[in-house]
Each structure stands twice: as structure tokens, then as C-alpha cells.
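Reader: I have a structure in front of me and would like to learn how to read its sheets, its ligand site and its backbone. Could we go through them one at a time?

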Amino acid sequence: MYLLNQQTSEQYLTHMQQTSAVIQQWLDDNNVYLGGTPQQVQDATSVSINAKGRDIEAILADIQGKFLPNCVSTAHRHCLAHLHPPTLVVGQIAEMIIAATNQSMDSWNQSPAATYIEKNLIEWLCQLCQFDTSFESQTNAQINRQYKRQAGGVFTSGGTQSNLMGLLLARNKFYEAQGVDVQKEGLMGQRRGTILCSDQAHFSIEKNAALLGLGVQCVEKVATDSSGAMLLSDLQHKINEIGVDNVMAVVATAGTTDLGAIDPLTNIVKICRNAKIWLHVDAAWGGALLLSQRYRQLIDGIHEADSITLDFHKHFFLPISCGAFLLRDQRDFESIRHHSEYLNPSDDEKDNIPNLVTYSLQTTRRFDALKLWMALDLLGTDDYGALIDTCLDTARQAARLIEANADLVLMHQPIISSVLFYFKPQNQSLTSQQLSQLNRQIAQDLLINNIANVATTQFEQQLCLKFTILNPNTQVSDINTIIEQVVIAGFKRLHISEGKHNDAT
Ligand SMILES: *Cc1c(COP(=O)(O)O)cnc(C)c1O
């Protein structure tokens, strides 16, 4: 009754249909979020487990009544907070297949076809990046390398893990150049190396430096210009100051999480090549521009990185989780090779049987590549790129609407599809602390009142509201509505606090 092949096909189809109907009803209801305050959600979500189970209809009824209304709906056109997209239906279909087949990517005999599909898709992605494999990034050949010099990669759980892989391989190579195998010997007593990234880089760089035993203090932040992009002069200055031989890696960001800023990749490549420094490009967001027809040039130079982070559960509109780590010279995977007799014995390699655990930090691993493959197959690169471009266009129009509103301040012109701004009522002098509090309240009010999901973040000492436009269905008219609601919520809050003030006097 419980396992796939114990159900009759009729039961199976009925349950799947019931589930789809519940989801469809939720989508039709079309709410941003009905859950109210954190306390209200907490009160509404108790988990009770009993000795005897219940039938699926009762459970689905609870999902419909208690879970779904307390979700934020990424499908809603007013859901613009984070890098958190609505998902393509084809991605959801792929998830069904992933769950039903439950292939595991660690060894070929657990995922025969899936292994080759992932490998082929990685190859396709490397070509999409136009990975340049024509030169050696660093001179070392101490390790007897088994792979041909060509690009490679692996699917990951997302940007954080891909960044971890980039830094891990850079770390290993840094010490290898000094004749040290840190995978074996550990870091005790070793010389410190520095990781350089911009002051807008993702926090996972520091988190991963800590995980790698390097310590957060090994991360040095390079200054950025007013658009949030890394300043080349400061990068060069820091490299000179630290000493080329002490720099373990440079991490360039193609699409910073808040501003969508893109570091000047072509020039960073030049600096890193001259100095023989590992360049990792965190393109968790900006990687989507690989498919763009009109904005692709923003990430020119990406093909010359040593390693790249891509995230498909962001601007590629696929369900969580789905990411990739790409490596210009797959021989660099060698330093993290471990053998286990039950998964990837050396004999398999002699027979050319691919067991992808060799390239991954995970052991048991989902077949997330299927989602990207099916989505690319359905849309084709043209329509996929057009969906991505639509979001960038909408962001530019949103910025114009904000500029035209006298009670709003635009922080910057959009680069990818985020827009930072804040409510600042004209003819009123408020301290920056008051403005910060006011804007934070606006974001909360919009969400709790089921109007819109807008994020807040800090930029240039200013607490801002943030649109991250990752929904191709969001129209300029939607943006207009949200902007009006921001202003209404702002004035409402102001009157409440003025009222309180008057009461007190
Ligand atoms: C989102 C993001 C990450 C982290 O990716 P996850 O998939 O959330 O782990 C890393 N870098 C950048 C620039 C990001 O925007």
C-alpha cells in the first residue's frame, strides 16, 4: 500500500491527481501570504505524530488548510523579495520524476542513465560558458593526473556548496604549489593564504573559509565602486600589499546578491593570470545571463575563470535545489579524490565507468540535472533567455517609476534585476534611524497584509527596500501597484507614530 509498486495504478494516479488539485487550488487563490505574524504562524503549525497513521486524504486536507496558506507564494506576481523564483511547471514535473525514480548520483550503478545525462549537461554548460582550456592556470604537475585537460563539473545543492568547492580546490592547489598535500596533512603549521573578494561578495565566502579551516580572517574585502563592483585598483593594491605568493584565490562576483553588481571580470582575469592566482567566479545569480540575448555581454570574461558557481534555483526558475560547479581544468578534481570500494573502486575507472561521487562533496545525491535538462528541452535557449531578459527589463522600468515618485528614493540603476530604494516622504525631516525603522515596518506591513513580499537590506548606511524581480509574469502595472502600496503603508505608519507622539504630549 505504501511503496510505489504496491499501489494499483489507479490509486497512484488518484493520489497524484488529488495532490495536483490541492496545489492548483492554492495557486488559484492567488495570495502572496496569508499567515500573518510569526506568532500566528507558529500557533497554526503544530506537528503531531501518532502511533497509527492517517489516510492521504486527511493529510492533504491539512496541507490545504494549514500549510499552504502559511506559505509565501513565489508564483504570485507581487512576490519580489529574494533570489527566490516561481518555478517552471516543467521543473515540478521533473521533481516528480526525480522523486519517483530516486536515482542517486554517487555511483553509476545507482543512476546509470542519469549519470550520463548529468555528464552531458555539464559538458553543455562548459560550452555555454565557452570555457577556455587552452592554457595551464598554474604550474604544477606533482600529482599524477588521471584526467585529460578539459573542462568539467558537477551538480551541487546550490551556490554555497559550489563556492565551497571553488575555495576547496583553490586551497588545495595553493598548498600543493608549496609541496604540501593539505588533504592528507591538514592545515596545522601551514602558512596562511588570503582569499580576496569584494565587500559585496556573498557571505558564503567567509562561511566556507571557516569550514575549510582557513578562518574568516583569511578573507580580505576589496573595496567596490558606487555600483557595487570590485575596484580593480584596490584589488591590485591588496595583491601587492599581501604579496602574490600569499594570495590563495580571488573570488569575483557576477551578480551580487543585493545590487546585482558584476565585478569587472575581463580585467580581473588579466590580474589573476599574470599573478597565477586561482580565480573563482561566483555567478550564482549572473550566470543566468549566459542564456540572455540582450545582456550576455555583462558577464564577458567568465570563460577565463578557473572555476564557476551557477545556481539554477534562482534566475533559471527551477525548484530548489539545483546548482552546478564548473571547473576549467577537471584535473583539479584530483585533489579531492577519495575511493570507496563500494562506490567508486579504481577498477571502475580503468573500465571507464563514471561514478560521480569522485567529483562531489555529497555522497547520496539527487538527480537535479534532470530539471535543467527538461527545462532547456521544453523552452529552448531562445525562450529561456527571453524569460530571463523580461525580468531585467521590468527592473529597469521599476527604477523609472521609483525615480518619478517624490516620496521614494532610488539607490541605484538596476544591473540585473534588483532595485533598491526607500520611502522618504517629501517635506518631512526624519532622521536616518527613523527612516530605517519606517522602511522596515513598510516591508513587514506589506507581507503581513498579503499585499506584497518585498525585502529589506542595508546599502551605504541606509536601510532599503529591495525588489528582486525573478518573476517573468510580474508586469510594470504590478510594480506600480506595489509602489503605491509602499507609499500608503509608509504614510499610515507615519500617522500612527505621530498620533502616539501627540498622545504623549
Ligand atoms: C544565492 C547566492 C549564493 C548562495 O547560493 P545558495 O544556492 O543559496 O546556496 C552565493 N552567491 C551569490 C552571489 C548568491 O546570490
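Author: Start with one pair of strands: β1 and β7 are antiparallel partners, joined over five bridges. Within that pair, phenylalanine 155 faces alanine 324 of β7. Keep in mind that this is a predicted model.

Reader: What holds strands of a sheet together in general?

Author: Strands pair through hydrogen bonds of the backbone, and the pairing is either parallel or antiparallel.

Reader: In what order do the strands of the seven-stranded open sheet come?

Author: The order is β1-β7-β6-β5-β4-β2-β3, and the pairing is mixed. At the edges are β1 (152-156) and β3 (219-222), each paired on one side only. Ignoring direction, neighbouring strands of this sheet are turned by 20° against each other on average.

Reader: Which helices should I look at beside this sheet?

Author: Take two of them. α5 lies across β1, β6 and β7 and runs at about 115° to β1. Helix α9 (residues 232-242) lies across β2 (194-198), β3 and β4 (247-253), at about 145° to β3.

Reader: How is the sheet of four strands ordered?

Author: This open sheet reads β8-β9-β11-β10, with antiparallel pairing. β8 (408-410) and β10 (455-459) each have a single partner strand, so one side of each has no neighbour in the sheet. Here neighbouring strands are turned by 40° against each other on average, direction ignored.

Reader: How many bridges join β8 and β9?

Author: Three bridges join β8 to β9 (residues 418-423), in the antiparallel sense. Leucine 408 stands opposite phenylalanine 423 in β9. Helix α13 (residues 432-448) packs on the sheet and touches β9, β10 and β11 (462-468), with its direction at about 25° to that of β11.

Reader: Now the ligand. Which residues are closest to the ligand?

Author: To read a site, list the residues around it, then look at their kinds and contacts. The ligand is surrounded by 13 residues, the closest being Thr160, Asp282, Asp311, His313 and Lys314. By kind, the shell has two nonpolar, eight polar and three charged residues. Helix α6 (residues 159-176) gives the most to this shell, with three residues.

Reader: What distances separate polar side-chain atoms from oxygen atoms of the ligand?

Author: For threonine 160, a polar side-chain atom is 2.6 Å from a ligand oxygen. For threonine 257, the corresponding distance is 3.1 Å. Aspartate 311 has a side-chain N or O atom 2.7 Å from an oxygen atom of the ligand. As for cover, the ligand taken alone exposes 380 Å², of which the protein buries 86%.

Reader: Last, the backbone. Which peptide bond is cis, with omega near 0°?

Author: The bond from isoleucine 320 to serine 321 is cis, with omega near 0°. To place it, find serine 321 in the loop between β6 (307-311) and β7 (323-327). That loop leads back to the seven-stranded sheet, whose order includes β7 and β6.

Reader: Where is asparagine 102 found, and what is its phi?

Author: Asparagine 102 sits in the loop between α4 (89-101) and α5 (112-128). Its phi is near 50°, a positive value in a residue other than glycine. You have already met α5, the helix that lies across β1, β6 and β7.

Methods:
Residues are numbered from 1 along each chain as its sequence is written. This is a predicted model: local features need pLDDT of at least 70, side-chain atom pairs count only at pLDDT 80 or more; totals for chains, interfaces and linings use all residues. Side-chain values use heavy atoms; hydrogens and water are left out. Two strands pair if DSSP finds at least two bridges between them. Helices (H or I, at least four residues) and strands (E, at least two) are DSSP runs, numbered from the N terminus. Axes are lines fitted to C-alpha atoms, for helices over the stretch in contact, and angles run from 0 to 180 degrees between N-to-C directions. Contact means heavy atoms within 4.5 Å. A residue is near a molecule or strand if one of its heavy atoms lies within 4 Å of it. A polar contact is a pair of N or O atoms within 3.5 Å; within protein, one must be able to donate a hydrogen and the other to accept it, and residues adjacent in sequence count only if both atoms are side-chain atoms. Accessible areas come from the Shrake-Rupley method with a 1.4 Å probe; for residues, only the protein chains shown count as cover. Ala, Val, Leu, Ile, Met, Phe, Trp, Tyr, Cys and Pro count as nonpolar, Asp, Glu, Lys and Arg as charged, and the others, Gly among them, as polar.
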